[in-house]
Structure formats: structure tokens, C-alpha cells
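Work through the exercises below with the sequence and the model open. Try each task before reading its solution.

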Amino acid sequence: MPRLNTGLSLTKTQEGIAERVLAYLRSSTERKGVLVAGLSGVGKSFLLESILQDIETAGGSVFDGELTDLRSYTKGSPGSIVIPVVVNEVTRAEELVAELFGKRVEEFVLPGMNSEEITTYIRTTIRGRKNAPSLTLEELASYSLVIPCIVGRFLLDVSITKEHAAKIAARYLYQSLGF
């Protein structure tokens, strides 16, 4: 799914997770494995890209690849590793990171945006567009399940109907939960 360049900064929810991740990384010089978990498209990679410099300053790095490549990545990375992971891969990621680091992994869950955050996201994303979406702001927020990537999908097709929006959301949930 294409990513929209919205020029947004972190939401309050994302800032809270970012602060917790960084506090954990700074809590000791011990090498750590950290998971940032959430549904696909909720903003895990955006969050970690936004705080990458702080993660690196704390002696860590971000691994945003396939879990099957994590073992080889950790061999070349002496510091802590932060990994964005979708919810249906959390158990596998926890097991792998525990094996590689010899201890339990710390997990931070990034939820979907709250209604205020998704409304701001939508307004910022559609600002200056020639074609307004066919759904109202409230419908976009509701049908998107407050997940930014779904809003992005809706905004790629300005003529989207409520029925099509509902099907996209349902398909997203079906795939994201591993069915």
C-alpha cells in the first residue's frame, strides 16, 4: 500500500510510546531487544523513523526487515535493537529476540490513533487537494478503524463509497489478524 507523505509530526499517543521506548533504551547500557508492536499501518515505522537519531544516540538501531534476517543482522550490531512488528508476529519475534539476546524482550504496543488524532491526520492529508473525498470526515475516521494507512487507501480513491470502505476495513482486519 502506498505511503502518503503528509508532513505530520508524531501524535501524542506516538510521542508517549517514543518516550517509553527511549527511556527503556537509556535505562542501562546492557544490550536489549525491543519490540514496537501494532496493527499493520498504525505508524510503527513512522514512529521509529522519527526517533531514529535518539535510538542511535542511546546505542541502538532499528531493524525493519524480515524476522528471518534478524539473526544475521544482530551479529553485526553490538547495541540494542528496536523492531517494529505486526501483532500476529509478536510471539515469533519475542521468541527469536529472547534466543538472540538471552533474555525476555521488552514490548511496547502502539495503538491506533484516537479520534482527535485521526481527524487531524485526515485534515492535514486532504488539505490543498483539488478533489475532496466522497466520504465525510467522520465517515473517513470511522471506517478507517483509526488506522492511518487505511485513511491513505481511502484518499487514493475520492469516489469511494461507504460499502467499499467497509469492505476495505474488513479485509484489512482479516489479513492483519492472521486469518
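## Exercise 1: Strand S1 and its partners

S1 and S3 pair in the parallel sense over 6 bridges. Two strands count as paired if DSSP finds at least two bridges between them. Strands (E, at least two residues) and helices (H or I, at least four) are DSSP runs, numbered from the N terminus.

This is a predicted model: local features need pLDDT of at least 70, side-chain atom pairs count only at pLDDT 80 or more, and totals for chains, interfaces and linings use all residues. Residues are numbered from 1 along each chain as its sequence is written, and side-chain values use heavy atoms, with hydrogens and water left out.

**Task.** Place S1 beside S4, and state which residues of S1 are buried on each face.

**Solution.**

1. Take the pairing with S4. S1 and S4 run in the parallel sense over 4 bridges.
2. Find the facing residues. Leucine 35 stands opposite glutamate 107 in S4. Glycine 38 stands opposite valine 86 in S3.
3. Check burial. Buried means under 20% relative accessible area, exposed over 50%, and partly exposed in between (1.4 Å probe, protein chains only). In S1, 6 of 6 residues are buried.
4. Split them by face. In a regular strand the side chains alternate between the two faces of the sheet. One side of S1 holds Gly33, Leu35 and Ala37. The other holds Val34, Val36 and Gly38. Both faces are covered.

## Exercise 2: Helix H5

**Task.** Check the span of H5, then find which residues are buried and what they pack against.

**Solution.**

1. Compute the expected span. The rule is 1.5 Å times one less than the number of residues. H5 covers residues 90–101, so its 12 residues should span 16 Å. Its end C-alpha atoms are 16 Å apart, which agrees.
2. List the buried residues. They are Val90, Ala93, Leu96, Val97 and Phe101.
3. Look down the axis. These buried residues fall within an arc of 130°, so they line one face of H5. The arc is that of the directions from the helix axis to the C-beta atoms.
4. Turn to the other side. Thr91, Glu95 and Glu99 are exposed there.
5. Find the neighbours. Contact means heavy atoms within 4.5 Å. The buried residues of H5 pack against strand S1 (33–38), helix H4 (70–75), strand S3 (80–86) and strand S4 (106–109).
6. Step past the end. Glycine 102 follows H5, and its phi is positive, near 75°.

## Exercise 3: Helix H6

**Task.** Describe the two ends of H6 and its buried residues.

**Solution.**

1. Start at the N-terminal end. Asparagine 114 caps H6: a side-chain oxygen lies 3.1 Å from the backbone nitrogen of glutamate 116.
2. Check the length. H6 (residues 115–126) has 12 residues and reaches 16 Å from its first C-alpha to its last, close to the 16 Å expected.
3. List the buried residues. They are Glu117, Ile118, Thr119, Tyr121, Ile122, Thr124 and Thr125.
4. Find what they touch. The buried residues of H6 pack against H1, helix H7 (137–143) and helix H8 (148–156).
5. Look past the far end. Glycine 128 follows H6, with a positive phi near 80°.

## Exercise 4: Salt bridges

**Task.** How many salt bridges does a search of the whole structure find? Examine three of them.

**Solution.**

1. Fix the criterion. A salt bridge is a side-chain nitrogen of Lys or Arg within 4 Å of a carboxyl oxygen of Asp or Glu. The search finds 4.
2. Take a pair inside one helix. Glutamate 15 and lysine 12 form a salt bridge, with the closest N and O atoms 4.0 Å apart. Both lie in helix H1, 3 residues apart, about one turn. Lysine 12 is exposed at 67% relative accessible area. Glutamate 15 is partly exposed at 31%.
3. Take a pair between helices. Arginine 71 bridges to glutamate 99, with the closest N and O atoms 2.7 Å apart. Arginine 71 lies in H4 and glutamate 99 in H5, so the pair ties together parts that are 28 residues apart in sequence. Arginine 71 is partly exposed at 36%. Glutamate 99 is exposed at 52%.
4. Take another. Glutamate 139 and lysine 162 meet at 3.0 Å, N to O. Glutamate 139 lies in H7 and lysine 162 in H9 (residues 162–176), so this pair ties together parts 23 residues apart in sequence. Glutamate 139 is buried at 18%. Lysine 162 is partly exposed at 39%.

Note on methods
A polar contact is a pair of N or O atoms within 3.5 Å; within protein, one must be able to donate a hydrogen and the other to accept it, and residues adjacent in sequence count only if both atoms are side-chain atoms.
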